[in-house]
Amino acid sequence: MKRTPRFGEPDPAELARLLPAPGDPELPRDRHRRLEDAFMAHIQRDQSATATEPAPAPGKAPRPVRGRPRRPVLIGVPAALALAGVAVVALTGTGGSGGPGAPAPVAAPVVRIQTGSTVALAATVEHIADAAGREALPTPRPDQFIYVRSEVSSAYTDENLEHDTSRTLVEPLHGREFWQSPDGHKGWLEEPGYQPKGGITLDSDITRDSYDETRALPTEPGALLKKIYARTDHQTDRDQQAFDIIGDIVGEQLVPARTAAALYRAAARIPGVVVVEHSQDAVGRDGIALARLDPGTGERKEWIFDRGTFAYLGSRGVQVGTGQDIRPGTVTERTAILERAVVDKEKQHPATPGKAS
């Protein structure tokens, strides 16, 4: 039976009519993946916390867990609706930006948009693939761990519906250390200020893009690209999904040389991929980039390579179109790979600092 509001009590139906119509947001595939990574890490941490950690103090919520750098969208809520007792859920792209105690965000950097071109695409990709194919990389034993050290930063948009304003903020550049077993079942992540002190476990029965899985990929570009497209869906642009899948693999993994070369040659066959002559990674290293504009979000994903050695440096996201109400030129994501190595134990650091490769 429908309850009639008492005199002076807000009518829920009337309040509902005041709210904007619900949208139908679509997350890009990489955002889905990062959300899934964070969710799995959160599950694993909750399971271990139940057994080994004391309950949080009253009034203190557990610090949120995240998987990879991500760009959330925080939706502000008019105070009047909150006071009226309307339940409000914050909608985010892939979770919040850190938790209590996280460094304060700052205004996102804005850069001049470089025009991409396909003129030098074939030659550039061959230089990159050739360099990757000649890279002398260690082969991890099943009992060892792949170690990747990087600097990362992600932007997010804070929207205030009450005042009809928005601003794009960015996390301060910060360190990230990632360990993963070759089979992908065991892992650890440390990201001070954005993860609980000491890091979080990434142990999981579910693996994705592990070293073993990556090593098993075809090394013929056409067959490899077919395999990549088989992982896409029809929820967003499939070409962008394929580009993002390859970007995820080369971004934070130790990729065997022949496989890496094949991945770059496969990426060159994806429609819309261009060369951007100047791009900068998270620590300011200038390089040449392979890039693609996401038609759904207006964000261009850039993989950055040293213009002399063609070694992978990192990645950058730049808002090129007008999607998501973000100013064109806004840097939405930055990473810089500083070191990749093989170590004997989880949470162990390389004895001698190595180079990123």
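Is Tyr147 buried or exposed? Select this residue in the predicted model: its relative accessibility is 1%, so Tyr147 counts as buried.

**First stop: an aromatic pair between strands**

Five aromatic pairs are counted in this model. One of them joins Tyr147 and Trp179, whose ring centres are 5.3 Å apart and whose planes meet at 50°, a tilted arrangement. Colour strand 3 (residues 145-160), where Tyr147 lies, and strand 5 (residues 174-180), which holds Trp179; the pair therefore ties together parts that are 32 residues apart in sequence. Trp179 counts as buried because its relative accessibility is 0%.

**Second stop: an edge-to-face pair and its cluster**

Next, select Phe305 and Tyr312, an edge-to-face pair with 5.7 Å from centre to centre and 80° between the planes. Phe305 has 0% relative accessibility and so counts as buried. Tyr312, with a relative accessible area of 7%, is buried. Add Phe243, Tyr264 and Trp303 to the selection: ring pairs link these residues with Phe305 and Tyr312 into a cluster.

**Third stop: helix 7**

Now display residues 238-251, which form helix 7. What should its 14 residues span at 1.5 Å a residue? The expected value is 20 Å, and the end C-alpha atoms are 20 Å apart, which agrees. Of the 14 residues, 13 are buried, so helix 7 is largely enclosed by the rest of the structure. At the N-terminal end, select Asp237, which caps the helix: one of its side-chain oxygens lies 3.3 Å from the backbone nitrogen of Asp239.

**Last stop: a lysine over a ring**

Finally, select Trp188 and Lys347. Lys347 lies over the face of Trp188, 4.2 Å from the ring centre.

Technical notes
Residues numbered from 1 in each chain as written. Predicted model: local features only at pLDDT ≥ 70, side-chain atom pairs only at ≥ 80, totals over all residues. Heavy atoms only, no water. Helix = DSSP H or I, 4+ residues; strand = E, 2+ residues; numbered from the N terminus. Expected span 1.5 Å × (residues − 1). Buried < 20%, exposed > 50% of the residue type's maximum accessible area, 1.4 Å probe, protein only. Polar contact = N/O pair within 3.5 Å; in protein donor to acceptor, adjacent residues only side chain to side chain. Phe/Tyr/Trp six-rings, centres within 6.5 Å; stacked < 30°, edge-to-face > 60°. Lys NZ or Arg CZ within 6 Å of the ring centre and 35° of its normal.
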